[in-house]
Amino acid sequence: MDRAVTPRGAAIVIATATIAITVASGLVMTVIDRENYPSLGSGLWWAVQTTTTVGYGDHVPTTAAGRLLAALVMLFGIGFLAVITAAITSTFVARSSLQADGLGAEAPTADQIRELDQRLERIEAALAGSSRGERTPLDSASSSGPES
């Protein structure tokens, strides 16, 4: 998990976990259900199908031990990868949030919002007055400047 701090590291962790689960379960299946999985190749083929949730059905465990292993591979394989993926994703989201905070983008304070609200009220009042032909503070500010 410590390697999963970059996208490349995350991919390595996920790939390693997937490969380890697949190979280990294929090996164990050839040991505990030798009748249905006589070779390492058939056990690995079953493990790949089960881990990836494809499940073609051409290799199905029939013994109790084989079915128990199949259930464990399904639960641990898919569940483990989902948890790993969620943990890595939350790391990226947290890092992105920290980076956004570090860019100086501060949330506005209540005083800043009140000040903006007052400025907007003054602008709205000036616009309303100018539409009625009244002289507004904006007009007097512009007329006090130098004339050309």
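Me: Which backbone oxygen does the side chain of Thr-30 reach, and how should such a pair be read?

Reply: A polar contact is a pair of N or O atoms within 3.5 Å; within protein, one must be able to donate a hydrogen and the other to accept it, and residues adjacent in sequence count only if both atoms are side-chain atoms. Here the side chain of Thr-30 comes to 2.7 Å from the backbone oxygen of Leu-27. The model is predicted, with pLDDT of at least 70 needed for local features and 80 or more for side-chain atom pairs, while totals for chains, interfaces and linings use all residues. Numbering starts from 1 along each chain as its sequence is written, and side-chain values rest on heavy atoms, without hydrogens and water.

Me: Where is Thr-30 found, and is Thr-30 buried or exposed?

Reply: Helices are DSSP runs of H or I with at least four residues, strands are E runs of at least two, and both are numbered from the N terminus. Thr-30 belongs to helix α1, residues 7-32. Buried means under 20% relative accessible area, exposed over 50%, and partly exposed in between, with a 1.4 Å probe and protein chains only. Thr-30 is therefore buried, at a relative accessible area of 6%.

Me: What does Thr-30 touch beyond its sequence neighbours?

Reply: A contact means heavy atoms within 4.5 Å. Not counting residues up to four places away in sequence, Thr-30 touches Tyr-37, Ser-39, Leu-40 and Gly-43. Gly-26 also lies in helix α1, and Gly-26 is buried because its relative accessible area is 0%. With neighbours within four places set aside, Gly-26 contacts Gly-43, Leu-44 and Ala-47. The C-alpha atoms of Gly-26 and Trp-46 are 6.9 Å apart, although 20 residues separate the two along the chain.

Me: Which residues line the largest pocket?

Reply: On a 1 Å grid over the protein atoms alone, a pocket is an open set of points where a 1.4 Å probe fits, with protein on both sides within 12 Å along at least five of seven lines; lining residues have an atom within 4 Å of a point. The lining of the largest pocket includes Trp-46, Gln-49, Thr-50, His-59 and Met-74. Helices α2 (40-51) and α3 (64-102) each supply at least two lining residues, and α2 gives the most, with three. The volume, meaning the space filled by probe spheres set on the points, is about 170 Å³.

Me: What is the setting of Gln-49, one of these lining residues?

Reply: Gln-49 is placed in helix α2. Its relative accessibility is 4%, so Gln-49 counts as buried. Leaving aside neighbours within four places, Gln-49 is in contact with Val-54, Gly-55, Tyr-56, Gly-57, Asp-58 and His-59.

Me: How does Thr-62 fit into this picture, and is Thr-62 buried or partly exposed?

Reply: Thr-62 sits in the loop between α2 and α3. Thr-62 counts as partly exposed because its relative accessibility is 48%. Its side chain makes a polar contact of 2.4 Å with the side chain of Asn-36. Apart from neighbours within four places, Thr-62 contacts Asp-33, Asn-36 and Arg-67. The C-alpha atoms of Thr-62 and Glu-35 are separated by 9.1 Å, with these positions 27 residues apart along the chain.

Me: How many helices and strands does the chain have?

Reply: The chain has five helices and zero strands. Of its 148 residues, 21% are buried. Among contacts between residues at least 6 apart in sequence, 52% join residues at least 24 apart.
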